[in-house]
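Grab a coffee and work through these short exercises with the model open beside you. Try each task before reading its solution.

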Amino acid sequence: MPARLTEFLARRRRLLALLVHAGPGPLAGLLAAHLVTALAAAATSVATGWLLTGALASSAVGEILLPLGLVAVLVLAGQCVEIAREPLDLLAARRIDGALRSAVRDRVARPSGIAHLEDLDHATDVARVSELGGWRTRTPGTGAVGQLLLLGRLTSAVLCAVVLAWFAPLLAVWLLAVTLVMRAGIRRHWVRLSRTWDEHAGARRRAEYWADTLTESPAGKEVRLFGLGPWLTERYREQARGWLTEIWRDRRGILRRQWWTFLLALAAGFAALYVPGAALAAGTVDFGGLITMVLAAWGVFAAGAMGHEAFDIEYALGALRALDRLDRHVAVRAGGDRPAPDSPVRLRFERVGFHYPGGDRPVLDGLDLDIGPAEVLAVVGRNGAGKTTMIKLLTGLHEPTGGRITLDGTDLADVDLTSWRRRVTAVFQDFVHYPLTVRENVALGAPEAGADDGPILAAVAAAGATGLVDRLPDGLDTLLTREHSGGVDLSGGQWQRIAIARALFAVANGRQVLILDEPTAHLDVRAEAEFYDRVISAVSGVTVVLISHRLSTVRRADRIVVLDNGRVSESGNHGELMDHGGEYAGLYRLQAGRFAEDTEGAA
Ligand SMILES: Nc1ncnc2c1ncn2[C@@H]1O[C@H](COP(=O)(O)OP(=O)(O)OP(=O)(O)O)[C@@H](O)[C@H]1O
Ligand SMILES: [Mg+2]
């Protein structure tokens, strides 16, 4: 068998194999329904011909009772199956989609790092497998059911051709060939349309982004204040027009090329009537035979219809290709199997280099940094210096592209990341506002620890959020989202306190490295002033990595390092760095000086 045909059949088999996700009961029902549909046309042609022959030969009802009953049963069965098939098709399609979406979730969650989440192609493929479609449902499930439908149609056509061949073998072959050629032509059109859809996946997503920005709440304030409505609408139109123009051109092309399908259909239709008519005139068939021939010919012909299932199938095959690519994008890190040490560790960056995929310059470049057990290390540096990137590496979310990070001398690459992540916690600069209760928001820091009042309240108190929680309508059980009734939203600083409580809850549950990326950025002046005593001094025996632009937050750290050009440019405690008179001293004087000037000016 030619390789292309083998590949074609393998792909179709794979699509059909998805049907097992429908479950045994629905699958059995579905197969039975499609089988009945496939058999119905051929059986009806034979039974009707038989009925007519009987009716013309004798006027006694008793003589035609059997074919009459058979025709009635076939018509009834056809109707019943038609009614039952639709919900079964839908059920099977949705179950298949559910199974594939969980396969996607599994592939997205499997890697321990986050590089794949920042990869645009990966995001496009995830969306491609999971999408629901616009003008019609375009999912792998719909495609798998469509493949079954197509198989049924082709079986029906072949059976009808067999019936027809009994009377006129040449006509049967000719009609079957015409039908298959018409189907192949239709398929080519749909393949093209499906490809055009895929090629414009990026533009479609961008168009959806503009539409969502316009209609959803996060951007609502700015959209109104800046008067962005018409601008966004125009961007959406422009983006949508870009790819729709091509889709419409494809569709017009499909319609224009229908003339040859029309001619073929005309020739086939003529033959389908002429040959039986000539056979009747020549006396080789009776009226019953004529009817059987015409109905069987029609049955062959029906498989050539321009069903949408051809598009569904092509589109679903595209989704399966995207699913396969997901595995290729994601290099699941083999990871180490050495458990992370369970006592405070010495962390060391050894000539660590890192650049983001596609990035044109390294973010970290030969970074050497030693963080002692239970040390409080502050990291400062300009915007974009690589501070956040550094902690993504330390938490194993990205791997260094050069050098290594060690925990008590063991390469982080050899350490079991799950066990390391039980030792480290972080408040990220862009920490998540989970639309859950306060209790859950805090408990997520150590999901294994439960969410009893005592430890949660202790973490809330340590983060200075007791007053805030007391004022909430349901205390710890207040839902922190406006999306549900009874929920409330918090201010930026209030959210930050909840995020700090989450990290402190994690520390109370065994995390020995606490990373805080801009933890005071949203705090008021009093809370910022209290922050070091309240949070940092209170977590004894824990290594703290504290990143902040507010130098008053970091000045009491055991050691402060300045990150510049991808490496440490200054290191020492506040006093040492001030004496050194470098960048830190300059920045500190700048910040402190502003206040001094303001105070002098006011005096
Ligand atoms: N996901 C990413 N993909 C590509 N480049 C990135 C990504 N995240 C950050 N960068 C780039 O890496 C550099 C360092 O970013 P990083 O977030 O580490 O800086 P930072 O020191 O934390 O800055 P800030 O003080 O503003 O928080 C920046 O130039 C940024 O543009
Ligand atoms: Mg940052």
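**Exercise 1.** Find which atoms coordinate the magnesium ion (ligand 2) in this predicted model.

*Solution.* Start at the ion: the magnesium ion (ligand 2) is coordinated by OG1 of Thr388 and OE1 of Gln429, at 1.9 to 2.2 Å. Next, place the two residues. Thr388 sits in helix H13 (residues 387-394), while Gln429 is in the loop between strand E6 (424-427) and helix H15 (438-443), so the pair ties together parts that are 41 residues apart in sequence.

**Exercise 2.** Decide how Thr388 and Gln429 should be classed: buried, partly exposed or exposed.

*Solution.* You need the cut-offs here: buried is under 20% relative accessible area and exposed is over 50%, with partly exposed in between. Thr388 comes in at 23%, so call it partly exposed. Gln429 has 44%, so it counts as partly exposed too.

**Exercise 3.** Work out which residues come nearest to ligand 1, and what kinds of residue make up its shell.

*Solution.* Of the 15 residues around ligand 1, Lys387, Thr388, Thr389, Gln429 and His549 come nearest. Now sort the shell by type: three are nonpolar, seven polar and five charged.

**Exercise 4.** Track down polar contacts to oxygen atoms of ligand 1, then say how much of the ligand the protein buries.

*Solution.* Take side chains to begin with. An N or O atom in the Arg361 side chain is 3.2 Å from a ligand 1 oxygen, and one in the Asn383 side chain is 2.9 Å from a ligand 1 oxygen. Then check the backbone: Gly384 puts an N or O atom 2.8 Å from an oxygen of ligand 1. Finally, the area: ligand 1 taken alone exposes 630 Å², and the protein buries 66% of that.

Definitions and conventions: Residues numbered from 1 in each chain as written. Chains lettered and ligands numbered in written order. Predicted model: local features only at pLDDT ≥ 70, side-chain atom pairs only at ≥ 80, totals over all residues. Heavy atoms only, no water. Near = heavy atom within 4 Å. Polar contact = N/O pair within 3.5 Å; in protein donor to acceptor, adjacent residues only side chain to side chain. Areas by Shrake-Rupley, 256 points an atom, 1.4 Å probe, with all protein chains shown as cover. Nonpolar A, V, L, I, M, F, W, Y, C, P; charged D, E, K, R; others polar. Donors = N, O, S within 2.8 Å, 3.2 Å for Na, K, Ca; no water. Helix = DSSP H or I, 4+ residues; strand = E, 2+ residues; numbered from the N terminus. Buried < 20%, exposed > 50% of the residue type's maximum accessible area, 1.4 Å probe, protein only.
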